[in-house]
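Colleague: Got a minute? I'd like to go over this model with you.

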Amino acid sequence: MRRAYEIHTLGPTATDSYAAAQVYNHRNWQDQAVIVEHPSFETILTDLTAYSGDQLVIPAAFKSDTLNASWGDIHYALLSQLTLSSCFMTQLDPLVVLQRVNADNQIGYTHAATAQLLTRVVHQVVVQTVASKYLAYQAYQRNQAAYVLTNEKNVTLTTHERELARLTPSMVWCVYQIN
């Protein structure tokens, strides 16, 4: 018996990538595929042979500090392992840049793909990147950082924080067949 068809993407379920995979699953598989969440895209991209025959949903804005690569770099480097099969667009959940007004540092957390956006909103920020915007908010909270760029739905605003920016971008998602 063949296992269920799998779509691999970034987790947890709170990420934009997981939401995009749900949209794709609904539109193309009538919700019959299994979405497999991973802690980072790097964990998928460095072990593609384990997922042969499945699909990958990844944003066109993908960027990895770990792999020192962008979506274009990955697209060309892995031509023999990944076949681009389709693309689609979604509206991302709103993004926010928060400032902890009583912070004693200039550290800001976000995902590598949104690091430049954070530096455009906050000058003199020391950017720390993590695997997702969801994890960025957790690191911001845990480390009492000064700034974070994350999804609005991740946030519980306190009296010691203020919103510096709210953004509502769309995203192009790439669907790859894993060879």
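Modeller: Here is a quick run through the fold and the main pocket.

Modeller: This is a predicted model, so local features need pLDDT of at least 70 and side-chain atom pairs pLDDT 80 or more, while totals for chains, interfaces and linings use all residues. Residues are numbered from 1 along each chain as its sequence is written, and side-chain values use heavy atoms, with hydrogens and water left out.

Colleague: What does the secondary structure come to?

Modeller: Five helices and 12 strands. Those are DSSP runs numbered from the N terminus: helices are H or I with at least four residues, strands are E with at least two.

Colleague: How much of the protein is buried?

Modeller: 47% of the 179 residues. Buried means under 20% relative accessible area, with a 1.4 Å probe and protein chains only.

Colleague: And what box do the C-alpha atoms fill?

Modeller: Roughly 55 × 30 × 25 Å along the principal axes.

Colleague: OK, pockets. What volume does the largest pocket have?

Modeller: About 390 Å³. A pocket here is an open set of points on a 1 Å grid, where a 1.4 Å probe fits, with protein on both sides within 12 Å along at least five of seven lines. The volume is the space filled by probe spheres set on the points, which are joined across faces, edges and corners.

Colleague: Which residues lie nearest its centre?

Modeller: Ala61, Ala113, Thr114, Lys133 and Met171, out of 27 lining residues. Lining means an atom within 4 Å of a point.

Colleague: Which element gives the most to that lining?

Modeller: H4, with four residues. H4 spans 115-121, and H1 (16-29), H5 (133-142) and strand E12 (170-178) each supply at least two.

Technical notes. Buried means under 20% relative accessible area, exposed over 50%, partly exposed in between (1.4 Å probe, protein chains only).
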